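Here are some notes to read alongside the structure. Take the points one by one and find each residue in the viewer as you go.

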Amino acid sequence: MNRWIGKVAVVTGASSGIGAAIAKDLAKAGMVTIGLARRVERVEQLKQDVPKEAAARLHAMRCDVSVETDIERTFQRIRDTHGGVDVLVNNAGILRSNNLLDVGTTADLRAVLDTNVTGLVLCSQWAYQSMVERKVDGHIVHINSVAGHGVPNFPKLNIYPGTKHAVTAITEVMRQEMRAAESKVKVTSISPGGVRTEIFDGYPIPDEMVLLQSEDISQAVLYVIGTPPHVQVHELTIKPMGELF
């Protein structure tokens, strides 16, 4: 991780759960960390959970990654205030609990697609452009899901597994494009099993279902970006012991 000290990391969906844990751990590891979220005040509160020197490196910016103009404005602001992006962690993701075949769920479908797929791609475009322009061998990390490699037998996931399968394919497309461009930028998909976060609030969790902690995933991010230049972790799957699917 020494080569990232003082470099700029951007974490989407940083207001809670996995994103909050990642933002705190990157700041503690010495990176200038910019947490993007709609609830920007919650990112500001994360400074209370880290040592003072890390808190000074942790910055909050309001951004809704489902809105293209928000993404453009935010990444331009990052360029102007911090110089650019060296590491991007695409963590923002949402789940709408209803059946895929239910009529009248169009707004939910679009919200999940815009956040989990389109927003991820647009943020990656801006970050990659920043890395290429500044000749930085950066790293893009997608927080995917085991639902991106199969479909868990779990009720009311709706289009969520579809969006995560898209992230799996998108990761490989990006790797191929970077290779064709002879770029040294890395891209990694991290696919957790169930994680105890707000995404499951109000969702019926079986008593026997075991869950990971957000910090388990943030430590995985530190691992993949800390690999030497000749190593690219393409896919990292993390399951809690005894997971049902």
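1. Let us start with a word we will need: two residues are in contact, or touch, when they have heavy atoms within 4.5 Å. Please also keep in mind that this is a predicted model. Now look at glutamate 198, which touches Ser16, Arg39 and Arg42, leaving aside residues up to four places away in sequence. Glutamate 198 sits in the loop between strand S6 (186–192) and H7. Along the chain, glutamate 198 and serine 16 are 182 residues apart, yet their C-alpha atoms are 7.5 Å apart in space. Is glutamate 198 buried or exposed? Its relative accessible area is 34%, so glutamate 198 counts as partly exposed, a label that covers values between 20% and 50%.

2. Proline 51 makes a good companion example. You will find proline 51 in the loop between H2 and H3. With a relative accessible area of 39%, proline 51 is partly exposed. Its C-alpha atom is separated by 9.4 Å from that of alanine 27, and the two residues are 24 residues apart along the chain.

3. Next come the helix pairs. Two packed helices are described by the angle between their axes and by the distance between those axes. Try helix H1 (residues 17–28) and helix H7 (residues 214–225): their axes come within 8 Å and cross at roughly 50 degrees. That angle makes H1 oblique to H7, because it falls outside the ranges for roughly parallel (under 35 degrees), roughly perpendicular (65 to 115) and roughly antiparallel (over 145). The crossing of H1 with H7 is right-handed. On the H1 side, the residues that meet H7 are Gly17, Ile18, Ala21, Ile22, Asp25 and Leu26, and among their partners in H7 are Ile217, Val221 and Ile225. Sorted by class, this contact of H1 with H7 has 8 nonpolar, 4 polar and 2 charged residues.

4. Which way do helix H4 (residues 68–82) and helix H5 (residues 106–133) pack? Their axes are 10 Å apart, at an angle of about 25 degrees, and that makes H4 roughly parallel to H5. H4 contributes Glu68, Ile71, Glu72, Phe75 and Gln76 to the contact, while H5 contributes Gly119, Leu122, Cys123, Trp126 and Ala127. By class, the contact of H4 with H5 has 6 nonpolar, 2 polar and 2 charged residues.

5. H5 also packs with helix H6 (residues 160–180), where the axes come within 9 Å and cross at roughly 20 degrees. H5 and H6 are therefore roughly parallel to each other. H5 passes H6 in a right-handed crossing. The contact includes Leu113, Val117 and Tyr128 of H5 and Val167, Ile170 and Met174 of H6. How many charged residues does the contact of H5 with H6 have? There are no charged residues, alongside 12 nonpolar and 3 polar ones.

6. Finally, look inside. In soluble globular proteins, nonpolar side chains tend to be buried together. The largest nonpolar core here has 35 residues, and those with the most contacts inside it are Leu26, Val89, Ile143, Ile190 and Ile225. Elements giving two or more residues to this core include H1, H7 and strand S5 (139–143). Isoleucine 143 touches residues including Ile18, Ile22, Val89, Ile190, Ile217 and Val221. Apart from this core lies another, of 28 residues, among them Val10, Leu36, Ile71 and Leu88.

Note on methods. Residues are numbered from 1 along each chain as its sequence is written. This is a predicted model: local features need pLDDT of at least 70, side-chain atom pairs count only at pLDDT 80 or more; totals for chains, interfaces and linings use all residues. Side-chain values use heavy atoms; hydrogens and water are left out. Axes are lines fitted to C-alpha atoms, for helices over the stretch in contact, and angles run from 0 to 180 degrees between N-to-C directions. Helices (H or I, at least four residues) and strands (E, at least two) are DSSP runs, numbered from the N terminus. A crossing is left-handed if the near helix is turned anticlockwise from the far one by less than a right angle, and right-handed if clockwise. Ala, Val, Leu, Ile, Met, Phe, Trp, Tyr, Cys and Pro count as nonpolar, Asp, Glu, Lys and Arg as charged, and the others, Gly among them, as polar. A nonpolar core is a set of buried Ala, Val, Leu, Ile, Met, Phe, Trp, Tyr and Cys residues joined through side-chain atoms within 4.5 Å. Buried means under 20% relative accessible area, exposed over 50%, partly exposed in between (1.4 Å probe, protein chains only).
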